[in-house]
Amino acid sequence: MAARSTAPEKRPGFFSQIRTLYTFTQKAYRWLPWVLAAILLLGVGLGLLVGFLLPPVAIWSVILWAVTGLMLGVLGSLMTMTRLSTSAMYKQIDGMPGAAGHVLSTSLGRNWQASEMPVGVNPKTQEAVYRAVGRGGVVIVGEGARGRLTRLVNDERSKAQRVATGVPVTVLYIGHGEDEVPIAKLSSTIKALPKKIDRATMAAVIKRLGSVSQSLASLPIPKGIDPTKVRAPRPR
């Protein structure tokens, strides 16, 4: 019987992460290589221009400015690829069950707390309701056919209003129709809500809602998004 390995799992290196990020993004944006090449050339061109314009003009100065421009081009390329990879990720998960939970649990930052697991679900149709609590109050997010979400959303809204009196409750529906929020704008929409409560109140609301939330462990809820398949890896 082979001995168990106690060595820690080796994390991918920086260049491996860059390669994975590039491959993921290029599948969604076939023109990515041309954009990155243009940014690099633009950076080198600007560096050369500065090198020739700033006296005294010397070969070492021009080379130094060209290298500086190249570094700026590399930085600009990485920033561009990161932003495009995020957009590609949203395109891939748009319409998938569990997409809202994935965004809420990974993209809201410190001022909000949410779980990838829904707080309400229709086991037959997989319509689901998610909840986030933060400085902007309580946000209830409906994912699925809006007509079939009415009961689930109303139940969660009533629960929040009952245990968190005076705290604003906002309801959002995921979709591309009128008064709906695309999955790509869910995080920014929630973050844009004005701050209405302090951190102490936020913690109290989270605790109260947790105490009255039903357990969903036994329900056939959507399994959600597999982060290893759709989350664009970012260089560290």
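**Strands, cores and a surface patch**

Colleague: How do you know that β3 and β4 pair in the antiparallel sense?

Modeller: In this predicted model, β3 and β4 are joined by seven bridges in the antiparallel sense. Two strands pair if there are at least two bridges between them, so the seven bridges of β3 and β4 satisfy the criterion. Within that pairing, Val129 has Gly142 of β4 as its bridge partner. β3 and β4 also form a hairpin, with two residues between them.

Colleague: What joins β4 to strand β5?

Modeller: Five bridges do, and β4 and β5 (residues 169-173) run parallel. At least two bridges are needed for a pair, so β4 and β5 count as paired. In β5, Val169 stands opposite Val138.

Colleague: Why is β4 called largely enclosed by the rest of the structure?

Modeller: Buried means under 20% relative accessible area. Seven of the seven residues of β4 are buried, so the strand is described as largely enclosed. For the chain of 236 residues, 37% count as buried.

Colleague: What makes up the largest nonpolar core?

Modeller: That core has 30 residues, and those with the most contacts inside it are Leu104, Val141, Ile183, Leu186 and Ile190. The elements giving two or more residues to the core include α1 (14-28), α2 (32-53), β3 (128-134) and β4 (137-143). The most comes from α3, with six residues. A second, separate core has 17 residues, among them Val129, Val138, Leu152 and Leu209.

Colleague: Which residues does Leu186 touch, not counting residues up to four places away in sequence?

Modeller: Leu186 touches Ala100, Val103, Leu104, Val141, Leu172, Ile174 and Val181. For the chain, residues 24 or more positions apart account for 66% of the contacts with a separation of 6 or more.

Colleague: Why is Val67 called partly exposed?

Modeller: Val67 has a relative accessible area of 43%. Partly exposed lies between the 20% limit for buried and the 50% limit for exposed, so Val67 falls in that class. The residue is placed in helix α3.

Colleague: What makes Val67 eligible for a nonpolar patch on the surface?

Modeller: Patch residues need over 30% relative accessible area, and the 43% of Val67 meets that. Val67 forms the patch with Ile59, Trp60, Ile63, Leu64, Leu70, Met71 and Val74, and together they have about 790 Å² of accessible area.

Colleague: How much of the chain's accessible surface belongs to carbon and sulfur atoms?

Modeller: The accessible surface comes to about 14500 Å², and 60% of it belongs to those atoms.

Conventions. Residues are numbered from 1 along each chain as its sequence is written. This is a predicted model: local features need pLDDT of at least 70, side-chain atom pairs count only at pLDDT 80 or more; totals for chains, interfaces and linings use all residues. Side-chain values use heavy atoms; hydrogens and water are left out. A nonpolar core is a set of buried Ala, Val, Leu, Ile, Met, Phe, Trp, Tyr and Cys residues joined through side-chain atoms within 4.5 Å. Buried means under 20% relative accessible area, exposed over 50%, partly exposed in between (1.4 Å probe, protein chains only). Helices (H or I, at least four residues) and strands (E, at least two) are DSSP runs, numbered from the N terminus. Contact means heavy atoms within 4.5 Å. Patches are made of residues with over 30% relative accessible area and no salt bridge: like charges are joined within 9 Å, nonpolar side chains (Val, Leu, Ile, Met, Phe, Trp, Tyr) within 5 Å. Accessible areas come from the Shrake-Rupley method with a 1.4 Å probe; for residues, only the protein chains shown count as cover. A salt bridge is a side-chain nitrogen of Lys or Arg within 4 Å of a carboxyl oxygen of Asp or Glu.
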